[in-house]
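Trainee: Please take a close look at one part of this model. Then set that part against the rest of the chain.

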Amino acid sequence: NAASVLFLIYVVLAGQVLICRNYKGDVDMAEIDHFMPLLMQHEEEGLVSPVISHGSVHFLWIKHSNLYLVATTNKNSNASLVYSFLYKIVEVFTEYFKELEEESIQDNFVVVYELLDELMDFGFPQTTDSKILQEYITQEGAKLEVAKSKVPTTVTNAVSWRSEGIKYKKNEVFIDVIESINVLVNANGSVMSSDIVGSIKLKTMLSGMPELRLGLNDRVLFALTGRDKGKTVVMEDVKFHQCVRLSRFESDRTISFIPPDGESELMSYRINTHVKPLIWIESVIEKFSHSRVEIMVKAKGQFKKQSVANNVEVRVPVPSDADSPKFKTSTGNAKYVPEKNLVVWTIKSFPGGKEFLMRAHFGLPSVENDEAEGKPPITVKFEIPYFTVSGIQVRYMKIIEKSGYQALPWVRYITQSGDYQLRTNV
């Protein structure tokens, strides 16, 4: 069972309901009045939960920007399905309106109601692919009734994510393998936790109804087939787009699918492994009797020399009462962001094996401030093209279509920072 009622609530208006859709009629519409008071009470008590109950009614909610999306049910519903659906709504509305906020909802009431009717039917998720929805629900209100009579057969097809009759002059598939590194380093320089979160994204420009097969250097697959050549990876928490034949993957690890047209995320995965921080940061922060603070930060690229990290940002926290900033850098630019109490050191191009320095000097007010401030970590942002830290590889992409046309697959690898934090002593 999915949600009985779906509400969008605008927080700033003290819980005012912007729009709602009652799918099954088994929950009283007035029940939503209890949601905000209960949520605020739980926040005050430090007991915030993704599920809030009032009598026999359960509120399952997520927050996006300053909106709450709330599903209500009085049954023992599948919570995972409800949350997947709520996040899918955010995704679809964002693709339609660019931003999901109070204004975009109020400016598009008609389209929003049309979408809610197509996304769910009598409490059960229905068509949730925005590309297919955009074929018959347009953003011009006047066209809605005309479009309604031309609902594409795709909606009722077995392949509900791809329309028939797609044609391209040049048939190509672009594959992006993007890995984000999450690292937490303690003040002593030891890596406390690290993992890699990866995603394989496609941009498909293929005619007809092609059948694709993707081959990776998957350790489980190599073990099944008795091969053990070269580097392999063990992927955990693998999640696929609905187009992938799960039964086939479970039986022989083959990733077989008919792709959606255009851009899509084919799969995501996690690799739980010890990762050496690719950009290592050493910092010395000295405070002088509440009159000034001096910061020295050294950044070193701990990745192979052939690679280059782009758009590196080292964010160094500074005391909230700092002023009169002065900077000296061996490369790049440093700037003070007072509203965030940060120094942001930007290096456009950072080759592997290189080491750079940044020095910052701040004045502090002469009045002593004994207020104990927290010790926020240094965070780093970066992107390294043509490189994956896990060593994952696309071994092949087979493209089969009944017309027998030739198609080219293109592969690109990118490593970027995820939650990348280095704690400091001071």
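Mentor: A term first. A strand here is a DSSP run of E with at least two residues, a helix is a run of H or I with at least four, and both are numbered from the N terminus. Keep in mind that this is a predicted model.

By that count the protein chain has eight helices and 23 strands. It holds 426 residues, and 46% of them count as buried. Take contacts with a separation of 6 or more: residues 24 or more positions apart account for 69% of them. The chain exposes about 22000 Å², with 49% of that supplied by carbon and sulfur atoms.

The part I choose is the largest pocket. Its volume is about 750 Å³. The lining is made of 25 residues. Which of them lie nearest the centre? They are Lys88, Glu91, His241, Gln242 and Glu265.

Now the elements behind that lining. Helices α2 (79–97) and α5 (130–136) each supply at least two residues, and strands β11 (236–240) and β13 (262–271) each do likewise. Strand β13 gives the largest share, six residues. By chemistry, the lining of this pocket divides into ten polar, eight charged and seven nonpolar residues.

Next, the nonpolar cores. The largest has 69 residues. Ile255 and Phe257 touch the most other members there. Strand β8 (residues 172–185) gives the most to this core, six residues. Ile255 deserves a closer look. Set aside residues up to four places away in sequence, and Ile255 touches Leu212, Arg213, Leu214, Leu216, Phe240, Val244, Phe249, Leu266 and Met267. Another core lies apart from the largest one, with 31 residues. Among them are Leu67, Leu115, Leu133 and Ile137.

Helix α4 (residues 109–119) is the next stop, and Leu116 lies in it. Leu116 is buried because its relative accessible area is 0%, under the 20% cut-off. What does Leu116 touch, leaving aside neighbours within four places in sequence? The contacts are Leu6, Arg21, Tyr23, Ile89 and Phe93. Cys20 is 96 residues from Leu116 along the chain, yet their C-alpha atoms are separated by 9.2 Å.

Now strand β23 (residues 408–422), where Ser417 has its place. Thr415 lies in strand β23 too. Buried or exposed, for Thr415? Thr415 is buried, because its relative accessible area is 0%. Ser417 has 14% relative accessibility, so it also counts as buried, the limit being under 20%.

Their partners come from several stretches of the chain. Excluding neighbours within four places, Thr415 is in contact with Glu179, Ile181, Leu278, Phe382, Glu383, Ile384, Phe387, Thr388 and Val389. With the same exclusion, Ser417 contacts Ser180, Ile181, Val380, Lys381 and Phe382. Ile181 and Phe382 thus touch Thr415 and also touch Ser417. Two C-alpha distances fit in here. Thr415 and Pro385 are 6.3 Å apart in space and 30 residues apart in sequence. Ser417 and Thr379 are 9.5 Å apart, at 38 residues in sequence.

Last, three places with higher accessibility values to check. Asp28 is in the loop between β2 (16–22) and α1 (35–45). Asp28 counts as exposed because 52% relative accessibility is over 50%. Its C-alpha is 9.9 Å from that of Ser4, with the two positions 24 residues apart in sequence numbering.

Lys98 is found in the loop between α2 and α3 (102–107). Lys98 is not a glycine, yet its phi is positive, about 70°. Its relative accessibility is 63%, so Lys98 counts as exposed.

Asn311 has a positive phi as well, near 50°, and is likewise a residue other than glycine. The place of Asn311 is in strand β16 (residues 308–317). Asn311 counts as partly exposed, because 48% relative accessibility falls between the 20% and 50% limits.

Go back to the pocket with that in view. Helix α2 helps to line it, and the loop after α2 that leads to α3 holds Lys98.

How values were computed: Residues numbered from 1 in each chain as written. Predicted model: local features only at pLDDT ≥ 70, side-chain atom pairs only at ≥ 80, totals over all residues. Heavy atoms only, no water. 1 Å grid on protein atoms, 1.4 Å probe; cavity = no way out; pocket = protein on both sides within 12 Å on 5 of 7 lines; lining within 4 Å. Points joined across faces, edges and corners; volume = space filled by probe spheres on them. Nonpolar A, V, L, I, M, F, W, Y, C, P; charged D, E, K, R; others polar. Buried < 20%, exposed > 50% of the residue type's maximum accessible area, 1.4 Å probe, protein only. Contact = heavy atoms within 4.5 Å. Areas by Shrake-Rupley, 256 points an atom, 1.4 Å probe, with all protein chains shown as cover. Core = buried A, V, L, I, M, F, W, Y, C linked by side-chain atoms within 4.5 Å.
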